[in-house]
Amino acid sequence: MLGAQNVYAGFGITPPYVRNTSLTRNSVYEQQILMVRSDPNKPLKALITVDAPEFADWISIVEGDSIPLPQGETKVPMTVRVVVPDGVDFKRYEGVIRIKTAAPDDQVSAGAVSISLGAQVDIDLTVIDKEIKDFKVRKISLPDLNEGHKVGWLYFPGKIRFGMTLENTGNVNVAPSEVSFHIYDATGKVLLEEVSHTNRIKRVEPFATDDVIAELPVHLKAGSYIARYQIKNGDDIKQEGELTLSVLPYGSLQVAGYGFMGLSLSHKASIILPLLALLLLIGAGLYARRSSRALKKT
Amino acid sequence: MLYNESHKLPLSTAGKVTVLTTLMGVLVFAFIFLLNLGSKEFKTVEAQSTATTSVTVLNTPPQWTELAYEQTESSTSTPTNSGDTVTWVGTATDSNSENYQLLICSTNATPTPGTSVVDPQCGAGATLWAVSASTASGVQASAATTTTEAFVEENDWVAWICDAIDTNARCNSTYSTGLNATNSSPFYVNHRPTFTLFYDDSPAGPGSVVNFYASSSDADVIDTADTLQLVVCNDPDYNTSTNQCGAGGTLATSTLSTGDQTASYTIVIPTQDQDYTAYGYIVDEHGHEATGATQGSDSTLSVSNVAPSVSPAAITLNGGSDITLTQEAGETTGFTLQFTATDNNSCENASAGDEITGYILSVFRSGVGSSTCDGTSGSYNANNCYPSGVSSAIWNLSCTASSTSCTGPSDTTQIYDCTFPLWYIADSTDGTSTVSYYNTENWVAAVSPIDDDFATGTYSVGSTGQELNSLLAMALNTATIPYGELEPGTDTGTLSATTTVAATGNVGLDQELSGASMCPTYSGVTPCTSSATSTIPDFSQEFGTSALSYGSGTDLSSTTPQELELNVLKSQATSTQATGITYWGIAVPGTITLAGLYTGENTFTAVASEPAEWGL
């Protein structure tokens, strides 16, 4: 008697592809694929084979070619790593990865045509010979901030900490070239201040997604304002929009504000110039002392 | 300062001439007498023996040593506010060292001297403005009058000095009208403005301009009409000394002008929606306030409720990450949505509760649009539109207001954090046209915040969408392939056995099929040997998309997976999946001699079909 039974209720993967169109020679690219099961009532394993005749040796599975699918786990990740060798042709490479589920001990039901489920991952890679410097803004955040404050004659402005989640969609490290704010009154009609970021924004590695911070000084008193922001990549505006900026009275938030770098040029000069003068005086004094000693010796 | 040229009197010079003339006469008479120019006549008298002589030496009036003047300027530019005092000072000396009084009258009619106990009186028809106390000779005298609203605006004055003695009291015929332009006659009285009505044009929302109106006037018109100003205070604390609102602060002030006043106030953002006191005060250009019930009355500034809003940039779907479904044929939970609602009435209401109390929102594929996926229950579609209007049994959206976001009445923003599930059929938008039907779109969220007065904000669509990844998933819902019992050398005739696969993800399906040879001893680690008598080769199984005759199907292979264009549609219902049937047949080689149960293993590999074949 020949028979078959449904062995597994269901199996799937997401996303069902490995795709990158901006690889360069020596690029390393990783992509995670989730293997999902709707009814993981018994353990299985996923057997992975790469069918990519031209470039199979570039492809590896970080977790190995046999990945356990434990009982009770509805989703198990697998990470496809692509390491592009030096000297490969600049062109498109296509292939597939097949994932097949099986019992951990490879046993099948006796006297039946057991059915194992699997899924196919399409591989679509393109190796190019040019640098692409680009990113996608996936998320922004604008937390409240303290207003600026004075210490003596020095005014330390409030510090906007504009958070951005960037996905590097190019193949070189990238960060926004400029993050700028046009701050209006609460009605959005009167422009009060224009500022750009003052810090060095962390660069995101190729194909990675990371959180970065742009710091901007604000000289406005506590209140609610409308901030129109722009995130630029060179001349390209990657994202712009409007947010509510809440400036709270100084001391409302336990966050660090601006230090010396936040001071205006004149305030910086008011510190630096006296220090320089003092140093010059000390230097001149030392020089004079040394000269007089030299004269005495002679 | 108006210099009162027209009110200077020339009598002072004339008086001097009179006195000089008199003195000259006396001197001439004395001269003649001393030179015996009249000795003949005297001798004649002497000849008549002795005679008694008598002369009455009159009391001389006090003399000015410092002409009288206004101690504090009272002019058109600096008038004396009604109720305030006008003070005159002047100094006189008396040859008898007797006391004197400074008398201020409205005209130069000759006054009547008084006594030590009766004040001198102004001349006929003149008004007595003020009279000083009896003042010692040589000491500056001071006379003052308290002005009232009954005074006319312009008041002439003439200052006299009179003896303050009982006998032969006299007033100096010379009078004073001041020393210079700033302290001379007349004095001016500044009357209070009239303030009859105070109101505003509220209600108005934060950021709007409210006008306060005052029906006001001022009767003072000399030189130029007095201008007025409306001052609106938060509290009834207008300070008449500083002419400013007190600690409660100033809401609005009008510019100085004549007549009715209007003062504007832009309601700050944020301001809670409620009534606020607004006390109006009218004051003239000289700092003289109006009186009466309207002065300091409350017009009640009513700040209206405005709908909250959400900026498109303040909507973050799924934390900025791609949306990945992980439950085949079910709901994937735990997706997130965060939005920051802004309310110009503040995030905190006047009762210290939440101003922003609700929301209408939807999560949808961008191509559907916010006008279709409008938040109502009728727009629900598990493929592409998840509106908050549906019951939680259908879509279990859960949103909570951040407990730390709203810092008080001066804060406009409130952050909401939501979680929600999506069904496995939610349309994918990732990849290219070969991967997803809606690859040019993405998933977005739209939000309308609602406040405690049920005002609903604009339905804003988030500016940053997220891709929803393809979920390639398949389930087998066929228990057996009923090949049945076959004798060696026979086959199933047609591809009569079936397996049914269901698309349990959000893509259409094809499938790749492969399978091992069958034998009684098969296991995954122990494949069948090539035995003509006990192994049914892999290619003995055939499959197809219909019940073809055996031999017309595609041979199964253990080494080369065969793709079957099953074209299972993308599932579009949550409860039932799109399915595809694979038809199977098998032949048992005639060389098989080993009877019994044969074991094998076929692999069904899900392959995403072309999006054009998803049935969308």
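Student: In this predicted model, in which loop of chain B does Asn243(B) lie?
Tutor: Asn243(B) deserves attention for its backbone, since this residue has a positive phi of about 55° although it is not a glycine. Most residues other than glycine have a negative phi. As for its place in the chain, Asn243(B) lies in the loop between strand E12 (228-233) and strand E13 (250-253) of chain B.

Student: Does Asn243(B) count as buried, partly exposed or exposed?
Tutor: A residue is called buried if 20 or more other C-beta atoms lie within 10 Å of its own, and exposed if 12 or fewer do. Asn243(B) has 15 C-beta neighbours inside 10 Å, and therefore it counts as partly exposed.

Student: Asn26(A) also has a positive phi although it is not a glycine; why does it count as exposed, and how many C-beta neighbours does it have inside 10 Å?
Tutor: The phi of Asn26(A) is about 75°, and the residue is found in the loop between strand E3 (17-23) and strand E4 (28-36) of chain A. The cut-off for an exposed residue is 12 or fewer other C-beta atoms within 10 Å. Asn26(A) counts as exposed because its number of C-beta neighbours inside 10 Å is 11.

Student: Which residue does a cis peptide bond join to Ile269(B)?
Tutor: Most peptide bonds are trans. In chain B, however, a cis peptide bond joins Ser185(B) and Pro186(B), with omega about 0°, and Pro186(B) lies in the loop between strand E8 (158-163) and strand E9 (187-190). Another cis bond of chain B leads into the loop between strand E14 (261-266) and strand E15 (275-276), and there, again with omega about 0°, the residue joined to Ile269(B) is Pro270(B).

Student: Which strand gives the most to the side of chain B that touches chain A?
Tutor: The contact between the chains takes 67 residues of chain B and 55 residues of chain A. Strands E19 (309-317), E20 (331-342), E27 (472-476) and E35 (600-608) of chain B each supply at least two residues of the side that touches chain A. With nine residues, the strand that gives the most is E35(B).

Student: In E27(B), which residue stands opposite Gly12(A)?
Tutor: Strands of a sheet pair through backbone hydrogen bonds, either parallel or antiparallel. Here strand E2 (residues 11-14) of chain A is joined to E27(B) by three bridges, and the two run antiparallel. Within E27(B), the residue that stands opposite Gly12(A) is Ala473(B).

Student: In E18(A), which residue is the bridge partner of Arg161(A)?
Tutor: Three strands of chain A form an open, antiparallel sheet in the order E11-E15-E18, and its edge strands, each pairing on one side only, are E11 (135-141) and E18 (209-218). Ten bridges join strand E15 (residues 158-168) of chain A to E18(A). In E18(A), the bridge partner of Arg161(A) is Glu215(A).

Student: What distance separates the centres of domain 1 and domain 2 of chain A?
Tutor: Chain A is divided into domain 1 (4-127) and domain 2 (135-271). The contact between them takes six residues from domain 1 and four residues from domain 2, and E3(A), with three residues, gives the most to the side of domain 1 that touches domain 2. Taken over C-alpha atoms, the separation of the two centres is 43 Å.

Methods
Residues are numbered from 1 along each chain as its sequence is written. Chains are lettered from A and ligands numbered from 1 in the order in which they are written. This is a predicted model: local features need pLDDT of at least 70, side-chain atom pairs count only at pLDDT 80 or more; totals for chains, interfaces and linings use all residues. Two residues are in contact if their C-beta atoms, placed from the backbone, lie within 7 Å. Helices (H or I, at least four residues) and strands (E, at least two) are DSSP runs, numbered from the N terminus. Two strands pair if DSSP finds at least two bridges between them. Domain bounds come from an automatic or database domain assignment.
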